Amino acid sequence: MLRFSMTICAALLATSAASAQTPPPACTSDVHDDFDFWVGEWNVYAPDGGPYQGQNIITKVNGGCLILEDWSGASGSTGDSMNYFDPFAQAWRQVWVSAGAVIDYTGGLDETGSMALTGEIFYPANGVRAPFRGSWSPQADGSVRQHFEQQGSNGAWAVWFTGIYVRQENDPRAAEAATARGE
């Protein structure tokens, strides 16, 4: 009986060790690449050659299953988001958290190739909630246009933020951005 128990234990340990060495499958379906155009290190500017707005570092982690955002605004604001293809909703989801607001919205690529998400923004300081939508549109020059709108209590949509993302390694205004960051 002892020999049988030892054999079972050895088999279980071998199986456990083998499964511990085999990583789970990565998120490799095409839908997991839908938001890859946003991955990178970016300087963000106001539209039409406007001033530097901040820096955003977007990384893809956990076998391609999660995209993390780390925002540092020129005014000192910060925020982070988690972005992933939600297998339950069969849609992309972003959850943004900052000291001033929490945004939770879902969606996917639209007919133009932009990532379009809709949901809600919540302001913890005053408890206000409002419908919210955002889009990330890849541009021909390699930049990305990010545009957010919030719906007011009157039902009208108003621009909340618009930024033009320029890859840091290709940014002709990189010195301006570095100076704004105090580098």
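# Close-up views of a ten-stranded barrel

**View 1. Strands β4 and β5 pair side by side, with Ser81 set against a tryptophan of the neighbouring strand.** In this predicted model, the bridge partner of Ser81 in β5 is Trp96. A second pair in the same view is formed by Asp80, whose bridge partner in β5 is Val97. Strand β4, which covers residues 78-86, runs antiparallel to β5 and is joined to it by eight bridges. The two strands form a hairpin with four residues between them, and in the turn Gln90 has a positive phi of about 55°.

**View 2. The hairpin of β3 and β4 carries a glycine with positive phi.** Strands β3 and β4 pair in the antiparallel sense, and six bridges are found between them. Within this pairing, Trp71 stands opposite Gly79 in β4. Four residues lie between the strands of this hairpin, where Gly76 takes a positive phi near 100°.

**View 3. Strand β1 pairs with β2 and also with β10.** Strand β1 spans residues 40-45, and because five of its six residues are buried, the strand is largely enclosed by the rest of the structure. Towards β2, six bridges join the two strands, which run antiparallel, and Val44 has Gly54 of β2 as its bridge partner. The hairpin that β1 and β2 form has six residues between the strands, and Asp48 in the turn has a positive phi of about 55°. Towards β10, the pairing is again in the antiparallel sense and extends over four bridges, with Asn43 standing opposite Val166 in β10.

**View 4. Ten strands close into a barrel.** The pairings shown in the preceding views belong to a closed barrel of ten strands, which runs β1-β2-β3-β4-β5-β6-β7-β8-β9-β10 with antiparallel pairing. From one strand to the next, the twist averages 25°.

**View 5. The largest pocket has aromatic residues closest to its centre.** The volume of the largest pocket is about 310 Å³. It is lined by 20 residues, of which Trp71, Trp96, Phe148, Trp160 and Phe161 are the closest to the centre of the pocket. Two of these residues appeared in earlier views, Trp71 opposite Gly79 and Trp96 as the bridge partner of Ser81. At least two residues of the lining are supplied by each of the strands β2 (52-61), β3 (66-73), β5 (91-98), β6 (102-109), β9 (144-151) and β10 (157-167). By residue class, the lining divides into ten nonpolar residues, nine polar residues and one charged residue.

**View 6. A disulfide joins Cys27 to Cys65.** The structure holds one disulfide, in which Cys27 is joined to Cys65 with an S to S distance of 1.9 Å. Cys27 lies in the loop between α1 (2-21) and β1, while Cys65 lies in the loop between β2 and β3, so the pair ties together parts that are 38 residues apart in sequence. The torsion about the S-S bond of Cys27 and Cys65 is about 95°, and the disulfide is therefore right-handed. Cys65 has a relative accessibility of 26%, and because a residue counts as buried under 20% and as exposed over 50%, this value makes Cys65 partly exposed.

How values were computed. Residues are numbered from 1 along each chain as its sequence is written. This is a predicted model: local features need pLDDT of at least 70, side-chain atom pairs count only at pLDDT 80 or more; totals for chains, interfaces and linings use all residues. Side-chain values use heavy atoms; hydrogens and water are left out. On a 1 Å grid over the protein atoms alone, a cavity is a set of points where a 1.4 Å probe fits but cannot get out, and a pocket is an open set with protein on both sides within 12 Å along at least five of seven lines; lining residues have an atom within 4 Å of a point. Grid points are joined across faces, edges and corners, and a volume is the space filled by probe spheres set on the points. Ala, Val, Leu, Ile, Met, Phe, Trp, Tyr, Cys and Pro count as nonpolar, Asp, Glu, Lys and Arg as charged, and the others, Gly among them, as polar. Buried means under 20% relative accessible area, exposed over 50%, partly exposed in between (1.4 Å probe, protein chains only). Two strands pair if DSSP finds at least two bridges between them. Axes are lines fitted to C-alpha atoms, for helices over the stretch in contact, and angles run from 0 to 180 degrees between N-to-C directions. A disulfide is a pair of cysteine sulfur atoms within 2.5 Å.
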